Amino acid sequence: MNNMHDIWGQRFFHYVNELQKYMRYVFTGHLAIVFMFAIGAGGYAYSEWLKEVPVTFPSVFIVSIVIALLLMKAAPTTLLKPADIVFFLPLENQLPSYMRRSITWSTCSQLPLPLIAMVIALPLLKATEVGTGTDYLLVMLLIVVFKGLFVGTEFNVRIANHDFVWPDRLLRLVLTFVTIQLGLTWSPAAIFIGILIAMLYSKFWDKKAEQFPFPYEQFIELEQNRMMRFYRFANYFTEVPHLVGSVSKRSWLKIAMKRSTFKRKDVQNYLIVRTFIRTDDTFWLWVRLTALSALGAFLIPLPIVSFIFVGALAFATAVQLILALEGGVEFTMDQLFPEEQEKSQIKAVRLLVRKLIWLQAIILLLAALPLYGLSVTPVLIAAVALIVGEATIRLTKEQMKDI
């Protein structure tokens, strides 16, 4: 039987292949365009805003809380499988070696996000005259050290006292926030003090975890939930065979559902509307993209940037909804009717997506009013979303038939 070192390497290789298998469907030309416009619009708006930001702006507070939140959740990626409860027992003395590799990988994979957030925050800190170059480098060092310590700490907390996971996260959140806040406003010594406290705290849980057996079930469930979140995300772009989607009745949206009739032409409209409202993945996809668009319309002070931002998200909304609603291959009772089921389904999907784009545009119009007032700009923002959404529906028509 292979040792733990070989087993982890094999599983990591399989894990990377699994990510690549689905990510190639995620990062298609469609999403690349959305990212390009969204990042460009956000970067331009951010740079323009920095020219006018007052020195009294609470940049330290915002940077500290954002980085603290990004460092707070540090769940380890163990790559464990249900069968390991049995098959790992003969190799349990080698389990620490396996877990060290898991913790190292978890640390490295979770580091980019807080580091990128800090890099983005540097111009804001400089614009508000907070800290020096040395302070910024020390905060970068703090992020790296804290992430490594926090992943190990959460791993040990889950072994010693699973019920303490969220209190532990809150404690680490407060420690990170206070350390960065004091390090940038008081003295760099605060960063070293914070690191020392984090090391002592991590050592405490390390010693405590040695007194308990390894909880296989807990870490296997954690790993399964983590992969299920990835599969749900990938399912927005391509069909994931082993993903079982969740549904909710959402009776509060009954008013938006058509009543069933005996007219055969209404079959697809009836089914598609209910599929959208009651399928959690599809429904919350539209809610998230609409909320993000509304937030951009509410916060971005430059009309041209706002146009680009809402246009990119309207494009993403239309494309992903069409893929989600037309991509299913499940058997439904309407397939028993002697009619052109595929053609009527496509027509019903386009009609629903068109209505959702209109609803999104109305929400954008209302969201832009507080910033731009009663002017033509909110109307143009809504119009951009409508035009881009409608163009996307029409231009993807032929492509969707072949999927």
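The legends below accompany an overview and close-up views of a predicted model of one protein chain.

**Figure 1. Overall view of the predicted protein chain.**
The protein chain contains 16 helices and zero strands. Of its 403 residues, 46% are buried. Among contacts between residues at least 6 apart in sequence, 81% join residues at least 24 apart. The chain exposes about 21,600 Å², and 68% of this area is supplied by carbon and sulfur atoms. Nine salt bridges are found in a search of the whole structure; the close-up views that follow show some of these pairs.

**Figure 2. Close-up of the salt bridge between E154 and R158 within helix α7.**
The closest N and O atoms of E154 and R158 are 3.2 Å apart. Both residues belong to helix α7, which spans residues 133-160. They are four residues apart, a spacing of about one turn of the helix. Both partners of this salt bridge are buried.

**Figure 3. Close-up of the salt bridge between E154 and R169.**
E154 also takes part in a salt bridge with R169, where the closest N and O atoms are 2.6 Å apart. Because E154 lies in helix α7 and R169 lies in helix α8 (residues 165-185), the pair ties together parts that are 15 residues apart in sequence. E154 is buried, as is R169.

**Figure 4. Close-up of the salt bridge between E390 and R394 within helix α15.**
In this pair, the closest N and O atoms of E390 and R394 are 2.8 Å apart. Helix α15 comprises residues 376-395 and holds both partners. E390 and R394 are separated by four residues, about one turn of the helix. Is each partner buried or exposed? E390 has a relative accessibility of 19% and therefore counts as buried, the cut-off for a buried residue being under 20%. R394, in contrast, has a relative accessible area of 60% and is therefore exposed, since exposed residues are those over 50%.

**Figure 5. Close-up of the salt-bridge network that includes E154.**
Salt bridges with shared partners join E154, R158, D168, R169 and R172 into one network. Within this network, E154 forms salt bridges with R158 and with R169. The pairing of E154 with R158 lies in helix α7, whereas the pairing of E154 with R169 links helix α7 to helix α8. Among the members of the network, E154 and R158 are buried, and R169 is buried too.

Key: Residues numbered from 1 in each chain as written. Predicted model: local features only at pLDDT ≥ 70, side-chain atom pairs only at ≥ 80, totals over all residues. Heavy atoms only, no water. Helix = DSSP H or I, 4+ residues; strand = E, 2+ residues; numbered from the N terminus. Buried < 20%, exposed > 50% of the residue type's maximum accessible area, 1.4 Å probe, protein only. Contact = heavy atoms within 4.5 Å. Areas by Shrake-Rupley, 256 points an atom, 1.4 Å probe, with all protein chains shown as cover. Salt bridge = Lys/Arg side-chain N within 4 Å of Asp/Glu carboxyl O.
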